[in-house]
Every structure is written in C-alpha cells, then in structure tokens.
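Hello,

Here is the structure I promised to pass on to you. Please keep in mind that it is a predicted model. My notes on it follow below.

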Amino acid sequence: MELDISGLEHGIPIMFMGQKVVIYMGVVYIAIALLVMLLMSFSLRYFSKKQKRDEKPNVFLVIAESLWKFSGGPTEGIPDKYEKSLHVFAVNLFILLMLINTTALWGINPPAANVFIALGLGLLVGIIIHVLAISAGPAEYFKSFFEPFWIMFPLNLVEVFSQVISISMRLFGNMLAGIVLAELMKMALANANFLILYPIFGGILSLYSDLFIATIQSLIFMTLTISYIKGRLGHLIHEDKNHSKMEMK
C-alpha cells in the first residue's frame, strides 16, 4: 500500500501566453475553500440579521454566536478601532483553515500537508500582519525594528521571516504527521490478524486525524496569527491601556 502525501502529483493543465501551466490541485482546493468560506460568512451574517428577538434562535445565529465566542479569546486586548474587524478576520480564518484541513473527509489529502502551500498561507498571513501594522502607524512600525536598541535591527528583521516560517512549518508538520500516523495505523489494522477490527478502528482513526488534529491546528494557526498582529500593534495597545487608566481616574 503506497502512502500519497505530497498533494502535488496532479493538477489542471491550462495554456497561458502560449505556455502550458499546471495549476496544482492543492491550490484549486484552497480556492474552492475560500469561496465556500465567503458563502458561509455571508449566509451566517444575512440569516443572523433576519433573526427577530422574540423568536427562537435559528441555526445560523447559533453557529455565528458559537464561532464568535470561540474566536474571541485571542482578540482580547486589541484596541477598539481594530477589535471588531480582527475578530471577524479570526472567525473567517478559522473557517477557511477548517475547510482546508478537513479535506481528508472527502478522500483528499489536506493541502496544508504540502510545504509550499503551507508556506504560501504563512506568507499571506505575514503580509496581512505587516500591512495592518504599517497602516496603523508607519513611523511606529519602522521604529519598532530599532527597539530596544538600534543594534537589535538585524534580529528584529530576522523575526519578520522567522514568524512566517514558524507558523507555516508548524501547520505543515502537524498536518503531515497526522496523515502519516493515521495511514500507518490503518495499514497495521488492515493486517489479516486485525481485519475484523479495521472498519471500526480505521474509521475512528480517520475521524481523529481529520477532525481533531485539523481543529487543533486551525485554532493554533488562528491564535498565533492574532498574537503576531497584537505584537505589531503593541504601541496602540499600550496607548489604549493608558487612555483607559486616565478615564478611570
């Protein structure tokens, strides 16, 4: 039994400027997941707003509130100016990651189990982090690279790339390890001595790999992303806390 874990063997060939270009299936799955995420987000928002106060909460409102509360922890402490938008971003990021990481339920290897796709996701998140930080305060953003001393500039610059690599490799490594572990266990149970137990324990292992690991890794990726954003918005958080203390006095 061969273990297919690369996720880049197959793709959709297209012609671009006279050249044959292959769009790998992992990229296609992410694009589909993105469209599904947008559809889910707009549906939850639309049907939640239609809910009347005197009526029993509909399933869309229940799901929306659950996701909102579930992702609320990492966004605590963010200035009010950005809190709501980042909270929405955290919810949608978690939904997208869950859609990507649970593709094995449909017999498709998770795209994040490929190092290039995981790095692409990490790079995209890194760009979002720094664009948001620059828009919040360009002077403070560039000044942060020379803190606490100007000699720390090389290390602070390395941190920019290390965060992207760290969050990507964590997602890639754990998703790949989950696939390998589940496949090895299923191969062991498929042995003639355990053939009767295979349908039961094989299904349990698949659910563990596809749901539990996917949920944990999606939560970790989302939490780290918000944590990095909070780190880049540190000066605004500090100012917000000082302003709150002044109001209390």
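I began with the aromatic rings. Searching the whole structure turns up two aromatic pairs. In one of them, the ring centres of Phe145 and Phe153 are 6.5 Å apart with the planes at 65°, and since an angle over 60 degrees counts as edge-to-face, that is the label this pair gets. The other pair joins Phe146 to Phe153: here the centres are 4.9 Å apart and the planes sit at 10°, so these rings are stacked. Taken together, Phe145, Phe146 and Phe153 make up one aromatic cluster.

Are the members of this cluster buried or exposed? Phe145 is buried, at 7% relative accessible area. Phe153 is partly exposed, with a value of 31%, and Phe146 is also partly exposed, at 43% relative accessibility.

Asn156 is worth a look alongside these rings. This residue belongs to helix 6 and is buried, its relative accessible area being 13%. Setting aside residues up to four places away in sequence, Asn156 touches Ser144, Phe145, Phe146, Glu147 and Arg232. Two members of the aromatic cluster, Phe145 and Phe146, are thus among the residues that Asn156 touches.

Next, the nonpolar core. As general background, nonpolar side chains in soluble globular proteins tend to be buried together. In this model the largest nonpolar core has 36 residues, and the ones touching the most other members are Leu86, Phe221 and Ile229. Which helices supply at least two residues each to this core? They are helix 1 (25-49), helix 3 (80-101), helix 4 (115-136), helix 6 (153-189) and helix 7 (198-232). Helix 3 gives the most, with eleven residues.

If you would like one residue to start from in the core, try Leu86. Not counting its neighbours within four places in sequence, Leu86 is in contact with Thr75, Ile78, Leu132, Ile226, Ile229 and Leu233. One of these partners, Ile229, is itself listed with Leu86 among the residues that touch the most other core members.

Finally, a note on strand 1, which covers residues 11-16 and includes Pro13. Beyond its neighbours within four places in sequence, Pro13 is in contact with Lys20, Val21 and Val22. Between the C-alpha atoms of Pro13 and Tyr24 the separation is 8.5 Å, with the two residues eleven apart along the chain.

Happy browsing, and best wishes!

Technical notes: Residues are numbered from 1 along each chain as its sequence is written. This is a predicted model: local features need pLDDT of at least 70, side-chain atom pairs count only at pLDDT 80 or more; totals for chains, interfaces and linings use all residues. Side-chain values use heavy atoms; hydrogens and water are left out. Rings of Phe, Tyr and Trp (its six-membered ring) pair if their centres lie within 6.5 Å; planes under 30 degrees apart count as stacked, over 60 as edge-to-face and the rest as tilted. Buried means under 20% relative accessible area, exposed over 50%, partly exposed in between (1.4 Å probe, protein chains only). A nonpolar core is a set of buried Ala, Val, Leu, Ile, Met, Phe, Trp, Tyr and Cys residues joined through side-chain atoms within 4.5 Å. Helices (H or I, at least four residues) and strands (E, at least two) are DSSP runs, numbered from the N terminus. Contact means heavy atoms within 4.5 Å.
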